[in-house]
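Biologist: I would like to learn how to read a sheet in a structure, beginning with one pair of strands and working outwards. Could you take me through it step by step?

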Amino acid sequence: MINIEALYKVSYGLSIVCSGDKNRGNGFISNSVFQVTAEPPKFAVCCNKNNYTAEFIQRHNAFSISVPDQNVSSDIIGSFGSKSGKYFDKIAGKTIRYGDTGVPVILNRCIAFFEVKLLQTVDAGTHLIFIGELINAEVLDNNKEPLTYLYYRQVRKGVAPKNAPTYIDKSKLEKPKTNLISKRYKCPG
Ligand SMILES: Cc1cc2nc3c(=O)[nH]c(=O)nc-3n(C[C@H](O)[C@H](O)[C@H](O)COP(=O)(O)O)c2cc1C
């Protein structure tokens with residue numbers, strides 16, 4: 001049996017994952033960035049095959065990871081997390097730095113960023129897992145808290161859309177079983 005509610009008990013952080021170059025870049029919100037190994041430091045991200053950013057990461061063989069502070073604007077989360085860059089330039093107008101590999105790094109309300117050189121791509125079905133070596137890591141603000149998935153869901157009342165690996169189809173949630181015959185109001189005889 002799979003109780004989908006149990007999946008909410010896993011902890012994640014939210015990041016903005018970007019790739020591309022000065023001509024055209026793109027990025028998406030991810031709650032599936034994690035450190036894979038310590039020596040050498042490697043990071044992975046799970047990216048839906050339909051995400052426009054997947055094409056950029058495969059073409060440029062590198063990606064950046066920006067860690068937003070927990071009060072990052074809803075505009076940033078909305079533009080990177082719920083709209084595809086196929087239809088508009090989502091990094092236009094953002095505060096950007098270009099990394100050693102040439103990929104854009106989003107800085108808006110971000111407290112740290114990483115740059116990763118792609119080493120391996122694992123096909124996981126609906127998603128690709130991009131694994132790469134960390135080549136750059138910087139702290140931008142030591143006084144703010146990173147945005148966690150829990151804070152995003154519970155405080156900011158956000159949800160994960162279909163392309164997120166943690167998307168939950170509410171129609172599949174188990175309904176709580178209720179005891180229809182109340183003990184206190186049993187009909188006599
Ligand atoms: C909270 C949150 C977490 C998400 N996590 C992921 C993720 O880990 N992997 C993924 O492929 N998409 C994830 N998404 C969905 C993408 O951010 C979204 O589909 C985005 O619009 C894709 O943009 P693109 O097509 O421009 O690449 C997440 C979205 C949100 C709001």
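Modeller: Let us begin with one pair in this predicted model, where strand β1, residues 15-20, and β2 pair in the antiparallel sense over six bridges. If you look for a single bridge to fix your eye on, the partner of S15 in β2 is S30.

Biologist: What holds such strands together in general, and in what order do the seven strands of the open sheet follow one another?

Modeller: As a general idea, strands of a sheet pair through backbone hydrogen bonds, and they may do so in a parallel or an antiparallel way. Here the seven strands form an open sheet in the order β2-β1-β5-β8-β9-β4-β3, and the pairing is antiparallel. The edge strands are β2 (25-30) and β3 (34-37), each of which pairs on one side only. On average, neighbouring strands of this sheet are turned by 35° against each other, if direction is ignored.

Biologist: Which strands does β5 pair with, and over how many bridges?

Modeller: With β1, strand β5 pairs in the antiparallel sense over three bridges, and C18 stands opposite S64 in β5. With β8, strand β5 pairs in the antiparallel sense over seven bridges, and there S66 stands opposite F113 in β8.

Biologist: Are the residues on the two faces of β5 buried or exposed?

Modeller: The general idea is that in a regular strand the side chains alternate between the two faces of the sheet. In β5, A62, S64, S66 and P68 lie on one side and F63, I65 and V67 on the other, and all of them are buried. The strand is thus described as mostly covered, with seven of its seven residues buried.

Biologist: Which strands do helices α1 and α2 lie across?

Modeller: Helix α1, residues 52-60, lies across β1, β2, β4 (42-48), β5 (62-68), β8 (110-123) and β9 (127-139), and runs at about 55° to β1. Helix α2, residues 74-81, lies across β1, β2 and β5, and runs at about 105° to β2.

Biologist: Where does S82 lie, and why does S82 count as partly exposed?

Modeller: S82 lies in the loop between α2 and β6 (96-98). A residue is buried with 20 or more other C-beta atoms within 10 Å of its own and exposed with 12 or fewer, so S82, which has 14 C-beta neighbours inside 10 Å, counts as partly exposed. From C-alpha to C-alpha, S82 and Q58 are 21 Å apart in space, while in sequence S82 and Q58 are 24 residues apart.

Key:
Residues are numbered from 1 along each chain as its sequence is written. This is a predicted model: local features need pLDDT of at least 70, side-chain atom pairs count only at pLDDT 80 or more; totals for chains, interfaces and linings use all residues. Two strands pair if DSSP finds at least two bridges between them. Helices (H or I, at least four residues) and strands (E, at least two) are DSSP runs, numbered from the N terminus. Axes are lines fitted to C-alpha atoms, for helices over the stretch in contact, and angles run from 0 to 180 degrees between N-to-C directions. Two residues are in contact if their C-beta atoms, placed from the backbone, lie within 7 Å.
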